[in-house]
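This report describes how helices and strands are arranged in one model. Please look at the structure first, then read on.

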Amino acid sequence: KMLNLEDQKNYDLKMFVTKSMQFEKGISQSYEAILQDLEWLDIHDAVLYTYDKPIVHLQQEAFTVPRHIYVKAVLHDGIVRTTFGKAQRKRSKDIFHNNLFWEGGSEKLLLPLFANEVLYGVLLCNMSEKLFENGEFLAGQLGIAEKMLYLLKTNEDIQNQYEESMVVLRENNIALDALAKSDGLTGILNRRGFTEEASKWLEKYRKEKDLLVAYIDMNNLKIINDRYGHDEGDFSIQTISNTLKDIFPDGVVGRIGGDEFALLTEYAGEDLEELKNRVYNVFRVFNAGSDKAYNVMVSAGFYVIDKECETELADALAFADEKLYIEKQNRPKVVAKDAIES
C-alpha cells in the first residue's frame, strides 16, 4: 500500500509539472495553467501573484516588500479565472484582505515563488496536509513556471519592439528615399529621382506607346538673381516647376539642374511646334497676370521616342537637348516687363 501511494505521488508530481508548464505565450491567460492542477495537494482556493519585475533576493539580505503586487489568476472551488487590466494591481499590505476567494477559514499559506535567487511572485492558498509536505516543491515549480512566463513575455515585448522598429525604419527609409529623389526647392523629382522614374516609365511603356521627352531650360535666371535677388530666382524656378506639372499632370517631371528641367510623358501625336508654343503661351498668360517686374520664360526642346525603336533615356534627353540649344538661340533675351523687345 505504501509503494502504491508513493507511485501515485510520483505520478501526481509528474503530471503537475507537465500541466503547470502548458503555455506557449507570456500572456495573462497562460497563468491559468499554473493553477489548473492543484487538487493532488488538496488546494481548492488560491491566488497567484507576481511582482511588477523579478526581484533578486540573496541569502541574509533584508527583503523590501514592493508597494504593489499583481493578481494573475484565482482558483476557487476548482475553477480558475484570469484577471486583466486594473483589476490585477493590488497593494501588498492588502494581500490577506482582498476577498478574492474563500470567506471562511483562517488557514492560509503564503509561498514565495522563486527560481535560484530571483523572486517572481507569491502564492496564497488554503493549507492542507499534503501542501505541508510538498510546499517547497510547489514553490519551486511554480517559480520556474512564472520565470518561463516572464521570459516569454519579455521575449514577446522585444519582438514587438523589434517589429515596430522595423516598421518605423521602413517608413523612415521610404521617407529618406523620397527626400533623396526630391528637389528641395520645388518638391518635384531631382536628377536621380527623374532618371529612376523615367527609366521605369520607359521600360513599362516603350513597346506599347510613343513617348515624349522634353528638355526645358529657364531663360535668364542669372539676370533675375543679379537684378531682383535670389528669392525671385527661386520663385521663378518654383513657378516653372508648378507650371510644368499643370501642363503635363500625368508625366514624369524633374528638375535636373539649377535651371534645367526634364519631362517624360505619353505622346498624343500632336505637332511638336504647336506643343512648344502651347507651353510658351502658358507662361505668357502667367506673366501677363503676375505682379512681378520680370518675365518668367523658358525654352524647350522635344523628342519623340517611337515605340518601334530601342532608344534609351539618356539618348532621348541628348536629342531633346540639341533641339533646346537651337531653340535658345532664337528666344528673346528680355527680362524686365517694361523693356522693349528688340
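How far apart are the end C-alpha atoms of helix α3, and what should its 53 residues span at 1.5 Å a residue? The model is predicted, so local features need pLDDT of at least 70 and side-chain atom pairs count only at pLDDT 80 or more, while totals for chains, interfaces and linings use all residues. Residues are numbered from 1 along each chain as its sequence is written, and side-chain values use heavy atoms, with hydrogens and water left out.

**Helix α3 and its contact with α4**

Helices (H or I, at least four residues) and strands (E, at least two) are DSSP runs, numbered from the N terminus. The expected span of a helix is 1.5 Å times one less than its number of residues. For α3, residues 129-181, that gives 78 Å, and the end C-alpha atoms lie 76 Å apart, which agrees. α3 also bends by about 65° at Gly135; the bend is the angle between axes fitted to the seven residues ending there and the seven starting there.

The axes of α3 and α4 (residues 191-205) come within 6 Å and cross at roughly 105°. Axes are lines fitted to C-alpha atoms, for helices over the stretch in contact, and angles run from 0 to 180 degrees between N-to-C directions. α3 is therefore roughly perpendicular to α4 (65 to 115 degrees). In this contact (heavy atoms within 4.5 Å), Asp177, Ala180 and Lys181 of α3 meet Arg192, Gly193 and Glu196 of α4.

**Helices α5 and α6**

α5 (residues 221-228) and α6 (residues 230-247) pack at an angle of about 145°, and their axes are 6 Å apart. On the α5 side are Leu221, Ile224, Asn225 and Tyr228; on the α6 side are His230, Glu232, Gly233, Ser236 and Ile237.

**Strand pairs**

Two strands pair if DSSP finds at least two bridges between them. The table gives three antiparallel pairs.

| Strand | Partner strand | Bridges |
|---|---|---|
| β1 (residues 45-56) | β2 (residues 68-76) | Six bridges |
| β1 | β6 (residues 118-126) | Seven bridges |
| β8 | β9 (residues 260-266) | Four bridges |

Thr50 stands opposite Tyr70 in β2, and the bridge partner of Thr50 in β6 is Gly121.

**The open sheet**

Four strands form an open sheet with antiparallel pairing, in the order β8-β9-β7-β10. β8 (252-255) and β10 (298-305) are at the edges with a single partner strand each, so one side of each has no neighbour in the sheet. From one strand to the next, the twist averages 15°. Between β8 and β9, Arg255 has Phe261 of β9 as its bridge partner. Helix α7 (residues 272-289) packs on the sheet and touches β7 (211-218) and β10; the direction of α7 makes about 150° with that of β10.

Conventions. Parallel < 35°, antiparallel > 145°, perpendicular 65-115°, else oblique.
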